[in-house]
Every structure is written in C-alpha cells, then in structure tokens.
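Colleague: Please take a close look at the charged side chains of this chain, and then place them in the context of the fold and its domains.

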Number of protein chains: 2
Amino acid sequence: MNNGSIGIFDSGFGGLTVLSEVAKLFTKENIIYFGDVARSPYGPKSKETIIKYALEISKFLFNQGVKIIVIACNTASSCALEVLQEEYSIPIIGVIQPGAEEAVRITKNYKIGVIGTEGTINNNVYNRIIKSLNKEMQVVSQPCPLFVSLVEEGWVDTEVTHLIAKEYLSSLKENQVDTLILGCTHYPLLKDVIQKVMGKDVFLIDSATTVANKVKSILEEQNILSSKESSGNIRFYVSDEPSRFVRIGERFLDKEIRVITQIDISGMLEKGR
Amino acid sequence: MNNGSIGIFDSGFGGLTVLSEVAKLFTKENIIYFGDVARSPYGPKSKETIIKYALEISKFLFNQGVKIIVIACNTASSCALEVLQEEYSIPIIGVIQPGAEEAVRITKNYKIGVIGTEGTINNNVYNRIIKSLNKEMQVVSQPCPLFVSLVEEGWVDTEVTHLIAKEYLSSLKENQVDTLILGCTHYPLLKDVIQKVMGKDVFLIDSATTVANKVKSILEEQNILSSKESSGNIRFYVSDEPSRFVRIGERFLDKEIRVITQIDISGMLEKGR
C-alpha cells in the first residue's frame with residue numbers, strides 16, 4: 001500500500017487524454033497533473049532540450065511525493081524515458097512502449113502505421129521498439145505537425161481537418177497498414193476523422209487507454225495501490241497563467257478543472273529539494 | 001557613429017522577415033538575431049511569461065553590445081515593449097506601432113483589419129494604438145492561430161491554406177476593411193493567399209517593411225550608424241539545437257544561414273553580466 005499520488009506530465013493538454021483514462025480506472029488514487037504550457041509544444045524541439053524540461057518536471061513531481069510518474073507525451077517519452085528511469089527509483093512509464101506492444105499484438109498483415117509530431121517521428125523510436133518486439137514487422141511513419149494546432153483550435157471535425165488528414169495519411173493508406181498508432185496524446189480527439197480517412201477496417205491504437213492499463217498492472221504488481229476509502233482528488237499544475245489551460249483542458253477532459261496552480265518550473269534543477 | 005550591432009529577436013522564425021528587410025537597408029551594419037525556438041511559440045502564452053522571456057533575451061543582446069533592439073515579434077511587442085524600454089537606455093522598438101501608424105495613414109474608409117496570434121489580439125494593443133492615433137478609426141480584429149503552423153509546415157499556397165484563410169478572414173471581409181495589418185511576423189509568407197481572399201483592393205500592411213524603415217530613421221536621427229567601410233555580418237543565436245531553425249529559417253530568408261550558435265537563455269536574469 002502506498003498513498004502517494006500518481007504523477008502525470010505533458011507539454012500541455014495532450015496528456016489530459018491519458019489522465020482521463022487513468023482517472024476512470026482509479027477512483028481512490030490522488031493524481032497530480034503537470035502541463036508545461038509555458039514551453040509547449042515539445043514536438044519541434046531537440047532531444048537535449050526535452051530531456052532538460054522532463055528532468056525539471058520530474059523533480060517537481062518527485063518533491064510532491066508521487067509514487068509513479070507517467071510521461072503522457074510521446075515526444076518526451078521518446079526523448080527522456082531512459083534518463084528519468086536512471087534518475088529515479090520509482091516506476092516511470094512512457095506512452096510509446098504500451099502502444100507499440102498493443103500494435104504488434106493486433107496487426108494481422110504485419111504493417112503498422114505510426115503518426116506523431118516531428119520530434120517523435122524523427123526520433124524513430126516506434127520503429128526501433130516495434131522491430132525489437134518482432135523483426136518481421138513493417139513500420140510506416142508520418143509526422144503530422146498541424147494536427148496539434150487543429151485540436152487546440154477546436155477544429156476537430158471541419159472540412160479543413162478532413163483535407164489535412166487526407167494529405168498526411170495518404171502514404172499510410174497506400175502502404176495498406178492495418179493498424180495505426182496515434183503516436184501523440186492530442187490525436188485521440190481526431191479519432192473520428194482519422195478513422196474516416198483510413199477506412200473502418202484499420203485498427204486505431206490510442207495510447208491513452210493502453211497506458212492507463214499499464215499503470216494499473218504496475219500498481220497491482222508492486223502492491224502500491226492506495227489504501228484510502230474516500231475518493232481521490234486531481235490537482236493540476238501549469239508553468240504559465242492557467243486560464244487558457246482551463247478553457248482548452250476542459251474540452252479534452254469533458255469536465256471542470258477546479259484546483260490549478262501556476263509554478264515556475266525553469267531552473268528547477270538548480271533549486272534545492 | 002556607433003559600431004555596435006543591431007539586435008533583433010523573436011520567438012522563432014517570424015522575425016526573419018524583419019531581419020530580411022533590415023539587412024536590405026543596411027549593408028554595413030552588423031546584426032545579431034536571436035530566435036527563442038526552445039520556448040516558441042509565444043502566441044498562446046501569458047503576458048507575464050512573455051515579459052520574462054523578453055527580459056532574458058534583451059539582457060543577452062545587451063551583453064553582446066547592441067545599440068538598438070528590435071522586438072521582431074508581435075506578441076512580444078504587445079506584451080513587453082514598455083517594460084524593456086524602462087529597463088534599457090538604448091532605443092527599443094516593436095513591430096506594432098509602425099504598422100498601426102502606416103494603416104492609419106493609408107485607410108480611406110477608416111476601417112482597419114488586424115490579424116495576429118491569440119496573444120496579440122486578446123491584448124487589444126492594435127485597437128488601443130490605432131484609436132489613440134485617430135479615435136474615428138474602426139478596428140476589426142481576428143486571431144488566426146493556425147497560420148503560424150501552416151507557414152512553419154511550408155504549406156503557404158495549398159487548398160487547405162486557402163480554406164483556412166477564407167474561414168478566418170470572413171468577418172474582416174463582411175466588415176469591409178480597406179486596410180489589413182498582418183500583425184504577426186510569420187504572415188508575410190501568406191501574403192498571396194491573404195490578398196486573394198481579401199480581394200486586390202484591400203491594402204496589406206507588412207510590419208517587416210515598416211519596422212525596417214523605423215530602424216533607419218532612428219539610427220539616422222540619433223547619429224548612431226556604423227562608420228565601417230566593409231560589409232556587416234549577421235550572427236544567429238537560438239535557444240535550441242539549430243538544425244530545424246536553419247532548415248525552416250532559410251525558407252524565410254531565401255538565403256543561407258551560416259554563423260549560428262545555441263545558447264541557454266533560461267535563467268539569464270539570475271546570471272551575472
């Protein structure tokens with residue numbers, strides 16, 4: 001038993017799709033969510049910079065007494081997971097591995113598509129993990145940088161969104177992938193459009209669900225579930241003024257964001273514990 | 001005479017449209033350009049955060065011995081111009097005032113349109129400045145958050161760009177503005193599409209040109225032009241790994257980026273001079 005919180009972080013809003021699934025599975029756990037909106041998006045930034053940001057945020061979460069950290073951002077998972085695992089003894093999980101495992105389990109024709117930010121795709125991490133699970137798999141990747149802006153603008157089902165999706169997804173269709181990993185935590189909000197463009201027979205893998213299940217199995221295996229009887233609470237922290245986070249975040253979560261605090265995260269590594 | 005450099009900064013690439021115009025006017029001046037790509041974009045961030053970033057960058061430029069600072073970013077100009085002017089005794093100019101003055105000079109029907117990022121538009125700064133110049137002016141504003149992503153993705157003349165422009169610009173057309181301020185330094189790259197959607201009789205004001213002229217008049221009035229006979233050089237600094245900046249930046253500048261250095265800008269205010 002461990003009554004510490006579950007820590008979840010992302011560059012901004014995307015991780016809220018993960019938070020949403022985690023909160024459904026654990027009604028008695030406290031959850032702390034950190035959104036690095038002062039420095040988002042992470043997608044176009046370098047590995048070195050992302051690692052620095054991830055270390056700063058993890059230190060903050062660790063100081064809050066979390067018992068597990070979920071990197072609910074594909075870019076940060078692909079760049080910083082191993083560094084954080086070396087730095088901390090508590091379990092740290094990313095969104096890449098669970099989605100990759102699920103895809104390998106599901107594909108019938110061994111052709112897996114992956115879409116994500118420039119950072120995630122250029123990093124080639126899905127390709128490496130999928131091939132390490134089964135070297136016969138063929139992976140077709142496509143960066144979709146405009147998808148994040150579309151989601152944040154709230155254009156999830158417009159003619160423009162459909163056209164952009166058709167443009168980005170054409171090479172995946174041509175290559176006849178039967179399974180498509182939504183390799184960015186923003187993309188579940190575009191699921192309908194993506195499914196329409198890809199066709200109903202293509203299986204979409206939404207990392208939010210697979211990661212929530214992973215958190216569950218770790219907490220159970222390590223016997224660190226909460227012993228509380230009352231329901232858990234969710235606290236939000238952001239690195240910039242909260243109003244825009246609340247406005248867009250409530251669209252992601254489909255519920256009210258009540259307890260939210262702004263903190264200065266840059267320079268966290270130099271600050272004392 | 002003053003052989004210090006002209007300092008120009010932006011959240012990322014947009015300011016390169018300003019740099020380009022400045023470099024055309026001054027062949028003998030040294031120019032330092034800073035692009036804060038590790039924390040871009042500034043558009044969706046709060047005023048307080050933007051001011052902090054702008055103070056850090058100005059300190060860096062000041063330490064490099066610049067004789068004038070151009071805030072080549074509308075969001076940063078609208079949030080931080082006055083704070084920087086109080087902090088430093090060298091001339092500091094933004095991109096808002098020159099564009100607003102030009103619009104007031106040009107409009108015939110006193111209906112001026114302004115497009116920009118959410119930060120710039122919500123700040124209402126163009127409206128205030130234009131009304132202070134002539135209170136009979138009517139200002140119609142529209143945030144266009146997807147434009148920046150489109151430009152950085154290189155989609156400057158696609159069907160999608162045209163559709164998005166039609167959607168964003170419809171209220172400006174309905175209100176029959178005869179002059180439109182491109183209130184974001186990325187937007188000059190979308191000039192053709194914007195002109196097509198607005199119609200050929202609407203006058204587009206590109207702040208890059210108006211700001212370059214302003215720099216010229218200040219250097220002349222204050223008698224601080226360079227006395228060098230040889231041609232000036234341009235040095236680039238960025239807050240993240242430079243390869244993406246070089247790739248996209250060369251599209252903005254239409255020439256090669258040679259001398260570029262990555263520096264750690266966060267925490268600059270705490271560092272000694």
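Modeller: Chain A carries 30 positive and 33 negative side chains, and the centres of these two sets are 3 Å apart. Lys and Arg are taken as positive and Asp and Glu as negative, while His and the chain ends are not counted; each charge is placed at NZ of Lys, CZ of Arg, CG of Asp or CD of Glu. The model is predicted, so local features need pLDDT of at least 70 and side-chain atom pairs pLDDT 80 or more, whereas totals for chains, interfaces and linings use all residues. Side-chain values rest on heavy atoms, without hydrogens and water, residues are numbered from 1 along each chain as its sequence is written, and chains are lettered from A.

The exposed surface of chain A is about 11,100 Å², of which carbon and sulfur atoms supply 46% (Shrake-Rupley method, 1.4 Å probe). Of the 273 residues in chain A, 60% are buried, meaning under 20% relative accessible area. The radius of gyration of chain A, 18 Å, agrees with the value near 19 Å for a compact globule of 273 residues; that rule, for C-alpha atoms, is 2.2 Å times the number of residues to the power 0.38.

An automatic or database assignment divides chain A into domain 1 (5-94 + 209-262) and domain 2 (97-207). Their contact (heavy atoms within 4.5 Å) takes 23 residues from domain 1 of chain A and 24 residues from domain 2 of chain A. The C-alpha centres of domain 1 and domain 2 of chain A lie 22 Å apart.

Conventions
Buried < 20%, exposed > 50% of the residue type's maximum accessible area, 1.4 Å probe, protein only.
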